[in-house]
Amino acid sequence: MLRIMTSTTMAANREEILANFQACTGIENFEECLAHLEQNNWNLTGAINSVFGAQGESSSGGGSGGGGGGGLGGGQDESGIRGRSAFREIPMEIPVEAQEPLVRDVDATVQPTFSDTPGPSFSSFISSPVPLSSSSSSSVRRPRFIHFSIKHRGKVITLSVTDEHQVDHLKDLLSKQLNIPKTALYLSGWDTRAPVPSDETTLSTLNLAAEVTLTLSTPTMEGEAHQPCPSNGEELSRNTELVITDTDEDTTYNLRYEGCKTIVDVKQGIFALTNVQPRRQEWTGWPNDTDTLTLAASGIDFPRHRLSFKRIPVDQPVTMYINFISLVFQLTLAASGIDFPRHRLSFKRIPVDQPQNNRSQAAASAGAGNDSSDSDEYDDAQEVMDLDDHAMFGTDSSAYRFGPLIPDNLDNVTESLIHFSQEFSSRYGDLHPAFYLGPLDNAIEEAFNVPAKDRRLLAVYVHHDKSVYSNIFCSQLMCTESVIDYLNHNFVTWAWDMTSPKNRERLLAVCTRIFGSVTASTLKNLQQDKFPLLLLAMRIRSSTEVFSVLQGNLSHGELLTSLMQAVEFFETQQHADVVQEEGRRASEMLKMEQDQAYQESLIVDRAKQEEKERQEREEGARIMKEQQDEQMKKEEEEAIRLSLEQQLAVEPDEDSDLPISTLRMRLPTGEMMTRRFLASEKVQMVLDFLGSKGYHSDTHKILTTWPKRDLTSLDGHQDLQELGLCPQETLFVEER
């Protein structure tokens, strides 16, 4: 009986036994595994011992366990305890029913050795693997297990490996488990007091605890380029101070960033401060210089980390060209003989019909400031000065040959702005802020008439071709990546060109209507050299107001700083608007729910009222029908009674000479009614008489005393004398 129960239990668990056998032996061939288990009657311990025993005999030749302590026969281990199965480091994969996937390190180079001596069962050391040294020498260090809990995309992967392996081995296991290239894996969460270990670092040198929690991220894989690597909330929210040294300028910046910020955010911040683009920044001090990594996952020191950067030189030909232009410009001014450090000049227009060769003399007589300089010297200076200022500032000198940004012949606002955007791209390139192509009212709707959390500032760019700052501002500030990204992310940018008087008046009219007369008056009275402008506007209460005006003579850093301050001010107001809007939305939602509940209650009440009215109508109709039926019944009965009365013969007198039958009739009410009939009259006459009184034969029985007979069941044509009802008889009227 015991054998039958054992066989039944093993049959129920054969799949689990097979899985455990494959995990322990590493044999993937199903038929080979099945042969070993069948040979040992599905005894897991015996099957594993048969596999590793055969391998141990073939490899050791005499059954030695390797190391002199525990042999294949399972003698006494170095602790002096017999009966325990001696084995070397046995990292194995054991399936455990759990919500989280469990991965064990399988080392095919280490062969376990089991003993047949009595001792703890195989399942006991599977559930709690204890590394035993097979060497009797106490000087040899025994490897220990380290249990890693690795967080990845909301899941936890558990790995148990020995500390004799390297970090690279841990990544190998993760790569096989997740099917992700090893080069794309990045482990964070190591001890912050030590540098981030490399792939070649041995785990035993890290002095890790028995249980370690790490975070796995794959920042280089597609789809995770801008996602912060998984980390706990404390690491992502804590602030780290970055001490960044600009080695070229010998300047130090102390910046604070949250752990959720990425390395590219730091580089963009330095770009905003120094105008050195990230691609020209050469950094030192990053443990891992992957731009998409968060600071929490980058391995930097907390709470302070030191970094340094230097500028990557631009190509030498470009530098030589800029230096050459500057040198020519300086030599030309030096050769002109002007006063230093300030020199005054004046000019006048040469009439059209004046000979060309006299122009230089007229210009010289206008006060070049040095009478000793001859005409040839002045001509040389004029030839050099004919170089337009765009060459000095790195822009295309052909910009002046382009048409106006907004021609006077375009009256439609949308067409004007489309032409502005196209012409702007022709002058300064396709890399520029995204201008809103529509009326200013629509741009305001886009910026402000949205939920408070989605609102953005409004930036109105006002261009003027005759300003000396226009080309510099557009090419070196407006078209830089940092300004473009910041404007596109935080602003709705609307642009206009007020170079021509007509477009100027159109802009002033719109500004007066939307922003008020103060803003329009400021634009109208502003000097030409103050342009271009950036008007920053926001929705304050119910009106749109300009709260900051940025002029075109700003530097790149000043412009970004002003924009950041404006956004910071706006976010403070936005937060209050969000809270107010959420409160208003909650109130509206509550009111809507209350209205909905009220409407539902009205519907229920109306349905109840309609049901009640329907029932009342039905009840009234039923009562009326009953009354009508009752009335009809009464009328029918009355008609029958009258008909029967008319058919009755006259009641004979008591002293009649003819034989008379006196009938006494007891009614159902207990009353007695007497009537005289001729003895020759038929029984039907008696029935008609009672029917005329309301006691019809179909609803009542008319019974005699003795013998007891029901007259309604007799032949109605028999006379009273034949039935023996003369000279008198008592009848009983009963309901059927």
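**Exercise 1. State how many disulfides the structure holds, and classify C260 and C726 by exposure.**

Solution. The structure holds zero disulfides, a disulfide being a pair of cysteine sulfur atoms within 2.5 Å. Exposure is set by relative accessible area: buried is under 20%, exposed is over 50%, and partly exposed lies in between (1.4 Å probe, protein chains only). C260 has a relative accessible area of 32%, so C260 is partly exposed. C726 is at 27% and therefore also counts as partly exposed.

The model is predicted: local features need pLDDT of at least 70, side-chain atom pairs count only at pLDDT 80 or more, and totals for chains, interfaces and linings use all residues. Residues are numbered from 1 along each chain as its sequence is written, and side-chain values use heavy atoms, with hydrogens and water left out.

**Exercise 2. Describe the packing of α2 against α3.**

Solution. Two packed helices are described by the angle between their axes and the distance between the axes. Helices (H or I, at least four residues) and strands (E, at least two) are DSSP runs, numbered from the N terminus. Axes are lines fitted to C-alpha atoms, for helices over the stretch in contact, and angles run from 0 to 180 degrees between N-to-C directions.

- Step 1: α2 (residues 14-25) and α3 (residues 30-39) have axes 11 Å apart, at an angle of about 110 degrees.
- Step 2: α2 is therefore roughly perpendicular to α3, since angles of 65 to 115 degrees fall in that class, under 35 being roughly parallel, over 145 roughly antiparallel and the rest oblique.
- Step 3: R14, I17, L18, F21 and Q22 of α2 meet F30, C33, H36, L37 and E38 of α3, where contact means heavy atoms within 4.5 Å.

**Exercise 3. Do the same for α14 and α17.**

Solution.

- Step 1: The axes of α14 (residues 440-448) and α17 (residues 501-514) are 11 Å apart and make an angle of about 45 degrees.
- Step 2: That angle makes α14 oblique to α17.
- Step 3: L440, D441 and I444 of α14 touch V510, R513 and I514 of α17.

**Exercise 4. Locate the cis peptide bonds F302 to P303 and F531 to P532.**

Solution. Most residues other than glycine have a negative phi, and most peptide bonds are trans. The bond from F302 to P303 is cis, with omega near 10 degrees; P303 sits in the loop between β7 (281-284) and β8 (304-311). The bond from F531 to P532 is cis, with omega near -5 degrees; P532 sits in the loop between α18 (517-525) and β11 (533-540).
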